[in-house]
Amino acid sequence: MNVSPLPVVVIGAGPVGLAAAVHLQARGIEPLVLEAGPSVGSGILAWSHVRMFSPWVYNIDAAARALLSRGSWVAPAGDELPTGRDVVERYLRPLASTPELAPYIRTGARVTAIARVAHDRQRTADRERAAFVVRFTADGEEHDVIARAVIDASGTIETPNPLGASGIPARGEALLRHRIYYGIPDVLGASRSRYAGRRTLVVGSGHSAFNVLLDLDRLAGEAPDTRIVWALRRARIGALGGGAADQLEERGRLGFRLQALVDSGRLEIASGFFLDALRQTAPGVVAYSGDRELPPVDEIVAVTGFRPGLSILGELRIDLDPATESPRGLAPLIDPNVHSCGTVPPHGVDELAQPEANFFVAGMKSYGRAPTFLLLTGYEQVRSIAAAIAGDWDAARRVELVLPETGVCKTSPDETGAGCCGGPAPAGVDACCVKDADAKSAGADGCGCGAPVTNGKSAGRG
């Protein structure tokens with residue numbers, strides 16, 4: 001039973017943050033959601049034009065659906081593919097407007113620090129009994145709120161990875177920031193004039209890069225002087241996505257469409273390119289990988305992934321994996337260096353627990369630098385966390401998750417382009433896909449399929 005009069009602060013009013021608030025409310029615990037942006041879903045609105053791979057059925061939290069269904073909300077068709085704007089306008093805003101949640105959401109409130117009351121990072125005595133103090137700025141002033149627990153679901157949208165292949169900005173990147181867009185620009189809409197009839201370098205090899213390349217190619221069909229250069233670290237292109245083996249059909253189709261574009265020859269492709277410097281020249285911006293250089297361009301799109309912003313956590317005792325920057329208990333399950341087939345074993349409060357009791361990182365931020373997140377995973381995380389905060393440990397540890405397979409065994413292929421893919425393995429073979437089965441039949445260890453999927457539980461990325 002909840003006996004604390006203090007709220008649980010939830011940082012971020014995106015899908016996972018609002019789901020956390022719903023689950024807390026359902027257990028009689030008062031949430032306070034602090035959102036840095038001007039509205040709920042502000043992070044998603046940064047890519048509002050992008051259509052998601054996962055249909056609505058994978059994007060709505062079950063408890064949130066139940067809450068919305070009490071009113072006049074009409075649920076979207078489960079097999080429909082929403083855009084980012086759809087998610088905000090048809091799901092998050094109606095959810096935030098419910099009388100159960102509306103009084104507990106504050107937008108325009110940017111959290112700047114979290115600590116224990118009267119306890120800096122070094123002080124141990126009675127630490128777990130001390131409440132949290134969460135500092136935020138709003139309306140030009142600083143405010144503190146005292147909380148019994150904190151769930152950081154602030155995401156990673158504000159901390160993109162730099163262009164530099166070494167994990168630090170490329171030389172010249174800061175000076176040329178006005179020529180760089182981090183993320184997926186709306187090249188067919190609001191940002192059309194920035195790219196139409198111009199030369200653009202796209203850096204990255206994930207599904208976000210696929211989207212940008214296909215949009216730019218469509219733009220080139222309308223503005224023939226548009227030129228596209230694609231730089232990626234892989235030594236060769238290899239398989240592009242999971243194709244027919246991907247249970248998220250739109251994601252599989254995306255790979256097929258990009259493969260057709262690659263085969264068309266309309267892209268200038270620079271594989272094995274480890275960008276380390278940018279330089280403004282008279283003809284345009286030139287990118288370098290050691291002594292190798294690309295032709296000058298007018299614009300650069302960086303689709304190189306994201307990383308968690310950790311500055312607000314400086315006074316907390318947290319334990320993060322040194323590679324992924326995710327909670328240490330979660331890291332082995334999601335590390336893209338070893339994680340394969342898009343499978344993530346079910347996880348909840350135990351994997352997300354920190355040395356700082358009652359502090360949790362959830363949602364995309366919990367995955368650190370790993371690119372394998374799906375919204376349903378975040379919803380299950382906060383369901384488990386809310387149960388633990390309420391003291392219902394049986395429910396907190398009863399984690400069940402059924403998510404679609406990706407059809408791509410390695411989420412981050414090695415630099416040779418090697419990966420594990422090619423469709424499902426033959427029936428009865430203990431392998432994740434064709435290449436893995438072939439490797440094992442030849443006496444090798446295979447590509448690695450991660451932990452076995454049991455009890456119908458699996459996870460993947462959307």
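**Exercise 1. Strand β2**

How many of the five residues of strand β2 (residues 31–35) are buried? Work out the surroundings of this strand in the predicted model.

*Solution.* The model is predicted: local features need pLDDT of at least 70, side-chain atom pairs count only at pLDDT 80 or more, and totals for chains, interfaces and linings use all residues. Residues are numbered from 1 along each chain as its sequence is written, and side-chain values use heavy atoms, with hydrogens and water left out.

Step 1. Fix the terms. Strands (E, at least two residues) and helices (H or I, at least four) are DSSP runs, numbered from the N terminus. Buried means under 20% relative accessible area, exposed over 50%, and partly exposed in between, with a 1.4 Å probe and protein chains only.

Step 2. Count. Five of the five residues of β2 are buried, so the strand is largely enclosed by the rest of the structure.

Step 3. Sort the side chains by direction. Pro31, Val33 and Glu35 point one way from β2, whereas Leu32 and Leu34 point the other way.

Step 4. List the partners; two strands pair if DSSP finds at least two bridges between them. Strand β1 (residues 8–11) runs parallel to β2 and is joined to it by four bridges, with valine 8 opposite proline 31. Strand β3 (residues 105–107) is also parallel to β2, through three bridges, and here glutamate 35 stands opposite threonine 107.

Step 5. Add the helix. β1, helix α1 (residues 15–26) and β2 make a right-handed β-α-β unit; right-handed means that, with the strands pointing away from the viewer, the path from the first strand over the helix to the second runs clockwise.

**Exercise 2. Two open sheets**

Give the strand order and the pairing sense of the five-strand sheet and of the three-strand sheet.

*Solution.* Step 1. Recall the background: strands of a sheet pair through backbone hydrogen bonds, either parallel or antiparallel.

Step 2. Take the five-strand sheet. Its order is β8-β15-β9-β10-β11, and the pairing is parallel. β8 and β11 (268–270) are the edge strands, each pairing on one side only. Neighbouring strands of this sheet are turned by 20° against each other on average, direction ignored. For such angles, axes are lines fitted to C-alpha atoms, for helices over the stretch in contact, and values run from 0 to 180 degrees between N-to-C directions.

Step 3. Look at one pair in that sheet. Strand β9 (residues 199–203) and strand β15 (residues 299–302) pair over four bridges, and threonine 200 stands opposite glutamate 299.

Step 4. Take the three-strand sheet. The order is β4-β5-β6 with antiparallel pairing, and β4 and β6 are at the edges. Six bridges join β4 to β5; valine 111 stands opposite phenylalanine 136 in β5.

**Exercise 3. Two aspartates with positive phi**

Where do aspartate 126 and aspartate 139 lie, and are they buried or exposed?

*Solution.* Step 1. State the expectation: most residues other than glycine have a negative phi.

Step 2. Read the angles. Phi of aspartate 126 is near 55°, and aspartate 139 has a positive phi of about 55°.

Step 3. Place the residues. Aspartate 126 is in the loop between β4 (110–116) and β5 (132–138), while aspartate 139 lies in the loop between β5 and β6 (141–147).

Step 4. Check accessibility. Aspartate 126 counts as exposed at 51% relative accessibility, and aspartate 139 counts as exposed at 73%.

**Exercise 4. Two buried loop residues**

Which residues does glutamate 173 touch, leaving out those up to four places away in sequence, and what does the side chain of threonine 281 reach?

*Solution.* Step 1. Glutamate 173 is in the loop between β7 (149–152) and β8 (180–182). This glutamate 173 is buried, because its relative accessible area is 3%.

Step 2. With contact meaning heavy atoms within 4.5 Å, glutamate 173 touches Pro162, Leu163, Gly164, Ile180, Tyr182 and Leu278. The C-alpha atoms of glutamate 173 and leucine 278 are separated by 6.1 Å, although the residues are 105 apart along the chain.

Step 3. Threonine 281 is in the loop between β12 (277–280) and β13 (285–289), and counts as buried at 17% relative accessibility. The side chain of threonine 281 reaches the backbone oxygen of glycine 284 at 2.5 Å.

Key: Polar contact = N/O pair within 3.5 Å; in protein donor to acceptor, adjacent residues only side chain to side chain.
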